[in-house]
Amino acid sequence: MSKKELNGGQGIVFRSPLFPIFIALFIAGLYLYSAFYFHPVRIASLKFNDYFFRLRLGLNYFFSKEEIRPKDIVLVTIDEESYERLEKRWPWGRDVFADFLDKISIYQPKVIALDFALYGESPDNPEADIKLADAIRQSGNVIIASVYGKEKLYLGPYDILAKASSGYGVTGGVRDDDGAIRRAKVFALILAQQKGGDVSFEVKAAATYLNVPYDKIRQEEGHIVVGSDTKNIIIPTDENGSFLINYLCDKDDIETVPIWRVMVGKVPPHKFKDKLVLVSQTGEIFHDQAMTPLWGPKPGGLIIANILNSVITSSYIVQADPRHSALLISLIYLFA
């Protein structure tokens, strides 16, 4: 075959109407392979998607700033200002938290979610445990966070505190490959095999606020149902039982009250009435910071607040199947 004939043959291939389709299929295959198996590409894809979260939040600020503020949640922070005002060095004794619950209960919050792992007996003051258990019981609406210790050892609240509470569970935030928290699990522990798992701290708190029972979990294709047939929460999830957190608020968008104001009575009477009050540590001493799709690291309390808001308002984000994304990219290539 002559050189002229060979070049002519190549020209026919590149001018063929099937050539764009072959290229589109190649791009789709490469995209799918990279998205599932190539770590740097997975990280880049996650970071790229974060821009859409930030863009949406920026547009919300511009067009409807007041609407993005959570209406049901108040964040009570344990911060540096509270250390100075109350003149108490960390760690605080459990009698301090008992006093806090006694004071905030006067304002009639609907649910109090304590973002603390109150495991083990107080080493120096066992009477403080009894005092705190009484305060939790009298409040009647307290959800307590739990944690995993070393080697995934589960550390639940101290027994008398657990029994006094309305419920307790591990926080559901899940770290992606880059360390950022973009997802949360509906159930985080395998404690009761007959139920398939134990509902996470955030879902328990939100369900309690919505008067939805959480003793039953039903996992179906594409979602998890928490509650009874007549009163439930339906959460769209992936095959691992996790859902995308709808980050609608940054730290300045949620109603925040330093704990010292509650302790000294400097809070308007209506501030906490019928609200879900989340009590969390935001002081730098705790190093409770994590990356999110928003700008810079965020305190754990803000992440939990966004999870709570997602569940309470049923404002979920449904993630597109990567295969559909690949098809869209191919179509864009074909018609571009």
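**Cores, a buried glutamate and a small sheet**

Author: In this predicted model, the largest nonpolar core comprises 42 residues, and those with the most contacts inside it are Val186, Phe243, Leu276, Leu278 and Leu308. Helix 10 (residues 300-313) gives the most to this core, with 8 residues. Apart from it lies another core, of 34 residues, including Ala98 and Val257.

Reader: What makes a set of residues such as Val186, Phe243 and Leu276 a nonpolar core?

Author: A core is a set of buried nonpolar residues joined through side-chain atoms within 4.5 Å. Val186, Phe243 and Leu276 belong to such a set, so each of them is buried.

Reader: Which residues does Leu278 touch, beyond those up to four places away in sequence?

Author: Among them are Val74, Ala113, Phe201, Ile304 and Leu308.

Reader: Why is Glu202 said to have no salt bridge?

Author: A salt bridge requires a side-chain nitrogen of Lys or Arg within 4 Å of a carboxyl oxygen. The nearest side chain of opposite charge, Lys204, is 10 Å away, so Glu202 does not meet that limit. Glu202 is nevertheless buried; its place is in helix 8 (residues 201-209), and its contacts include Val170, Thr171, Ile304 and Leu308.

Reader: How do you know that strand 11 and strand 12 pair?

Author: Pairing needs at least two bridges. Strand 11 (residues 223-227) and strand 12 share 5 bridges in the antiparallel sense, and therefore they pair. One bridge joins Ile224 to Ile235 in strand 12.

Reader: What makes strand 10 and strand 12 edge strands?

Author: The open sheet has the order 10-11-12. Strand 10 (217-220) and strand 12 (232-236) each pair on one side only.

Definitions and conventions
Residues are numbered from 1 along each chain as its sequence is written. This is a predicted model: local features need pLDDT of at least 70, side-chain atom pairs count only at pLDDT 80 or more; totals for chains, interfaces and linings use all residues. Side-chain values use heavy atoms; hydrogens and water are left out. Helices (H or I, at least four residues) and strands (E, at least two) are DSSP runs, numbered from the N terminus. Buried means under 20% relative accessible area, exposed over 50%, partly exposed in between (1.4 Å probe, protein chains only). Lys and Arg count as positive and Asp and Glu as negative; His and the chain ends are not counted. Contact means heavy atoms within 4.5 Å.
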